[in-house]
Structure formats: C-alpha cells, structure tokens
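Here are a few short exercises to work through with the structure open beside you. Try each task before reading its solution.

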Protein chains: 2
Amino acid sequence: MSARLKGALAPVMTPFTRDLEPDTHRFIAHCKWLVANGAGLAIFGTNSEAASLSVDERLRLADALLEAGVPASKMMPGTGASSISDAVTLTRHAVKSGAAGVLMLPPFYYKGVSDEGLFNYYAHVIDKVASNALRIYLYHIPQVTQVPITLGLIEKLRAKFPDTIAGAKDSSGNWDNTKAMLDHFANDGFDVFPASESTLSAALALGAAGCISATVNLNPAGIRAVYEKWNLPEGPQLQAKADVIRKIFQSPNMIPAMKRVAAEFSGHRDWAVVRPPLVSLDDEGAARLMRELRAADFAMPGFADAMRG
Amino acid sequence: MSARLKGALAPVMTPFTRDLEPDTHRFIAHCKWLVANGAGLAIFGTNSEAASLSVDERLRLADALLEAGVPASKMMPGTGASSISDAVTLTRHAVKSGAAGVLMLPPFYYKGVSDEGLFNYYAHVIDKVASNALRIYLYHIPQVTQVPITLGLIEKLRAKFPDTIAGAKDSSGNWDNTKAMLDHFANDGFDVFPASESTLSAALALGAAGCISATVNLNPAGIRAVYEKWNLPEGPQLQAKADVIRKIFQSPNMIPAMKRVAAEFSGHRDWAVVRPPLVSLDDEGAARLMRELRAADFAMPGFADAMRG
C-alpha cells in the first residue's frame, strides 16, 4: 500500500452464475474493463453484494484478480465485517496483496454501539494486522449499517493512527456531512470520497480525492472525465452528462438495475443474477430502464467484447 | 434433528480470553452447567456475540461441545448470516451434528428488502442443505436486523416447507406480535419462543414452546421452573421471582452486564471480556448491578465450581 488511490472508483459488481456461485471469469473481465476505462476497483463494497459473500469467496475472488494481472495498486477492497476476526482476515490479506488501501465498514450487527466500541474495533484490526503499509478508508453508510462513522470518531482514530487512517467514503447522501468531513480533514492528508458522482465537482472543489460510486460500474469513462476536467471549461457539461445517467439508476433497486443493464449490454444473461435477499429486476422494469438509457444516448463501449474476451 | 427442543433456552454467552480469542474450556463448562440446570442451548445467538465470530470460530466451538459430550439434542445453533453461503455452511454443519434445530436470522446487511427476497434466501438454504432432518426456527429481531420476519413471510415459508419451518423466536419485545404469531401458528405445530421470560407464563397459556432468553444464561433453573409450573398454584410466584432478576439486567448493555456478573460469580475475570464493538461494563456499573442482585437474593448455584471443573 503506497501511492494513494484517487479518482473514480467502482464498488465492483460481483457477477454470479444462475446457481448463485461467483463467476470468476466475468469478474476479472469486468475489472479489466473498468481499469482500461480509468476506474479504480473498490471490490467488495455494498454494490458488490459483498455482505452476501463468505470470507473464503472474497479471498478467492481477490486472488483470481491478482493472478489475472489486475494491478493491486488499483484495488481498495472492502474488509469491514460484523465479525472482528473476519475483518482481521480480510484486511491482512489485502495488505499482503499490496492493495492500495481497504474500505472498512464498522461492525454492523449491534445497534446503538458507542464510539469507544467502534474505536476499539478499528484499533484491534490495526493492531492485529500490524503493518505500516495498511491504509484504512472508513466507510460511512448509516442508512444501511445504522452505525455512523462520526467526525469525532474520525478525529480520535486520526490522532492515534495518523498514517493508517487515510480517508473515508461518505455514502450518507447528506451533502452537509460530506462537506463537514472535507472541511475538517481534507487539508490534512485525509482522502474523502463521496458515494455519488452527482456531488463530484462540488466535492473536488473542496479537496475531495474522487468518488466511489455504484454507477462507475457502467459509466467509468464518463465519471473519470468529470474527475479530470471538473475545473476546465467543459467541466459543468461533463458533470451534467454524468448526472443524467446517475438519475436513471437512482432507486432502491440500484444493484439489480445495474446488473440487468450489464446483462443487456453484454448479451450475457447471468449478469442479471443477484444473491438473495436481493431480487432481480423484472422485465417491465428493465424495459423502462433501457428506454431511458437509450434516450440519454448511453453506451458501454467495449463492455460486450470484454465479456467475450 | 428429531424431538423438538422446548422449554428455557439460553442464547449462550461466548467467553473470550483477554486477547479476544474464544475460550473453549469455559464455553464447554458453561454449556454443561446450563444443561444440568434444565436449559437448552441456543448457541450463537445475539447474546452470544455470534455476529462478532467468524464462521470457522463458530464451527470449532460447536465441534468442541460435541466432543465434550454435550448432547446435540439440546442445541439450537444460530446459523443465519448476511452471507447466504455462510448460512448454508453453518446450517449444513448443524444438521450433520444432529442439532435439534437451527435459529436463523434473516440476512441483515441490506435494508428494505422484500419478503420475496427473504423467502428466496431461506428457500436457497433449505435447497442446498437438502436434509429432511432440518428444522428451522425463524429469528425475528427487527430492532437489530431492521429486517422483520412478517406473519406473511412465515405463512409462505410454512406453505412451501411445512416440515422444515418449525418455529420462531420473537425478540421484538412487542407482545402484540408474539400473540399474533401464537394465534396464527401455534396450533399448527409451529413452536413460538418469546425472547424474554417476562412473558413466559402468558405465552405458554397461548401455546408457546418456551422462551429463548438472555438471562437463562444466569438464571436457568429459575426460568425452567416457570416453564414447568406456570399453571400450578406456585406459578405466579415463580414468574414474579424470575421477573425481578430480568428487570435488573434490562438495559442496552445487557451482554456486558451479564458477562460481568458471570465474572463476579465465578471469580474468573475474563468472563467480563466482550468483543468490540461492545464495551465491557465499568466498575461502577458492576457495583450497582451486584448490589441489586444481592438485594434480590440472586445466586448461581454451582457456577463457580463448573468453571473450575
């Protein structure tokens, strides 16, 4: 874990077979296509259905990427877990692999836990992994975990582990919170990633490091362009173009919707498969989605070829 | 999985060393003490900090109990998990071990999931485990999971898997829900367990199968007595006595409080250890707790001896 990973990162969708097994071949192909289009790889995030995978499945998929030559420097695997021993196993593996960093959920089973307990959790993982190369990005997604990463917790962790606590992903969808994270910490080597490209230009202006957004899975080049050119004359237009695509996917069924679109654009029907408790998008929903995407001139250049490759 | 497990079941506390490793010796000793005092073993529940354990740790602890001669017929391990592959692994292991049943949380990471998705999750586990011996108890604890087990879901699962879906634990703390579960399903071979002994007599009168309650860890004989004698003349007095103890533990810090009491009564300080994100009870809280327990003439007969054994 050396150079900081910045820019547009995809919480990489995990492809399954119709038997609900991870499809390693399509996973590698998707990651390679994302990297070729300028994206970083936040594998094993919320949109990856990582919570629906076992630890062993996650380790095997990560190893398969490395064996296929996908660069570890582009990877920020999700390694947070309810179980502190799982978090240690996953984080240790990521550090050994040379990943640029790890994106760590707080433990999300118990509710109403204290900042002291969360501090102890991260401190224990850092202590057990015991590596100067470890870079942790804290994952704030309170609407899912119900366990927030508060500014106070970030401050305490930064004070104790200044080199290890490298940044945060803010998935709250609350701009005031993203802005507060940036105002408090961005000038201090702390890399803040909002979870949607819709606030990317605004966040970059305040010192954000990029974004880690679901739709980077489908629109990597478009979102990368915003990251690179937000403060050039064409910036606002690129932001507006990315916003149009984002809005089409914005729904409680974002994961099934994105996977169905990957199926439509690759001709590979199994891309639509999700693991329970998620449910695949129905044909009517898919038809509506595809109409809207066509109206917006959306394309996934090279995606179908990458899946066949 | 043959005879139905009924009565007072403990969501067995998992003892840790001060290095946060599971302490197999004390785990076995605690389970034997519970069985000797008439309790069943709902190992790997919420009060077991099961969500803070890895799958491997759970499998090893379960195997250690079996090797130590603790009867599988007394066990109802928790096997639900966010990850459907973990749920399959844990459930398969429980069936092979001959456990009386399994207590299954719904997948608890994603929020706002549909009953269809939850049905698919349970159906997939049943399909993969593929055993006539499997008995599933659905675990309703919405204040923690934020994913309720609705009456409609129970009905659909019962209709499709009448022999496998054997009952439910209702940890909602909502008597109206417990009563509705009992009214709808208890006459039909569906075993409902409220999560507190405070409603045990009332629930038994409506056909409940017992209770699966945190405080069975400390007061197994007292709660077993309510189960056996609720409708005898001494029933109300036994219920009232159990209620007094229950109320002393009723707080958001129930797990640390119970573990601290186990430490005090066994002289084994490490009993107080919890895994993050939970935080151990402080000395002031412990002193208050012990004062209240002494005032209520609370004792744990044989517990210290069992821990030394």
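A salt bridge here is a side-chain nitrogen of Lys or Arg within 4 Å of a carboxyl oxygen of Asp or Glu. This is a predicted model, in which local features need pLDDT of at least 70 and side-chain atom pairs count only at pLDDT 80 or more, while totals for chains, interfaces and linings use all residues. Residues are numbered from 1 along each chain as its sequence is written, chains are lettered from A and ligands numbered from 1 in the order in which they are written, and side-chain values use heavy atoms, with hydrogens and water left out.

**Exercise 1. Salt bridges**

Task: How many salt bridges are found over all chains, and which parts of chain A does the pair Glu197(A) and Arg246(A) link?

Solution: Begin with the whole structure, where the search finds 26 salt bridges over all chains. Next, look at Glu197(A), which forms one with Arg246(A); their closest N and O atoms are 3.5 Å apart. Finally, place the partners, using DSSP runs for helices (H or I, at least four residues) and strands (E, at least two), numbered from the N terminus. Glu197(A) sits in the loop between β6 (191–194) and α8 (200–205), and Arg246(A) in helix α10 (residues 235–249), so this pair links distant parts of the chain, 49 residues apart.

**Exercise 2. Relating the chains**

Task: By what turn and shift can chain A be laid on chain B?

Solution: Superpose the copies by least squares on the C-alpha atoms of residues with pLDDT of at least 70 in both. A turn of 180 degrees with a shift of 0.0 Å along the axis lays chain A on chain B, at an RMSD of 0.0 Å. That is the relation of a two-fold axis. In chain A, the C-alpha nearest this axis belongs to Tyr109(A), at 4.0 Å.

**Exercise 3. The interface**

Task: Which residues of chain A lose the most area to chain B, and how many salt bridges cross the interface?

Solution: First count the residues in contact (heavy atoms within 4.5 Å): chain A gives 43 and chain B gives 43. Of the interface residues of chain A, 100% are also interface residues in chain B, so the copies meet through the same surface.

Then turn to buried area, the accessible area (1.4 Å probe) that two parts lose on being put together, summed over both. Chains A and B bury about 3200 Å² between them, with 65% from carbon and sulfur atoms. In chain A, Tyr109(A), Tyr110(A) and Pro277(A) lose the most, together 25% of what that side buries.

Last, check for charged pairs: zero salt bridges are found across the interface. On the chain A side, α3 (84–97), α4 (115–129) and α5 (142–145) each supply at least two of the residues that touch chain B. The largest share, seven residues, comes from α4(A).

**Exercise 4. Backbone oddities**

Task: Which peptide bond of chain A is cis, and where does Phe44(A) lie?

Solution: Recall that most residues other than glycine have a negative phi, and most peptide bonds are trans. Pro276(A) and Pro277(A) are joined by a cis bond with omega of about 20 degrees. Pro277(A) belongs to the loop between α11 (254–266) and α12 (283–295) of chain A. In chain B, the bond from Pro276(B) to Pro277(B) is also cis, with omega near 15 degrees.

Now for phi: Phe44(A) is not a glycine, yet its phi is positive, about 65 degrees. Phe44(A) lies in the loop between β2 (40–41) and α2 (55–67) of chain A.
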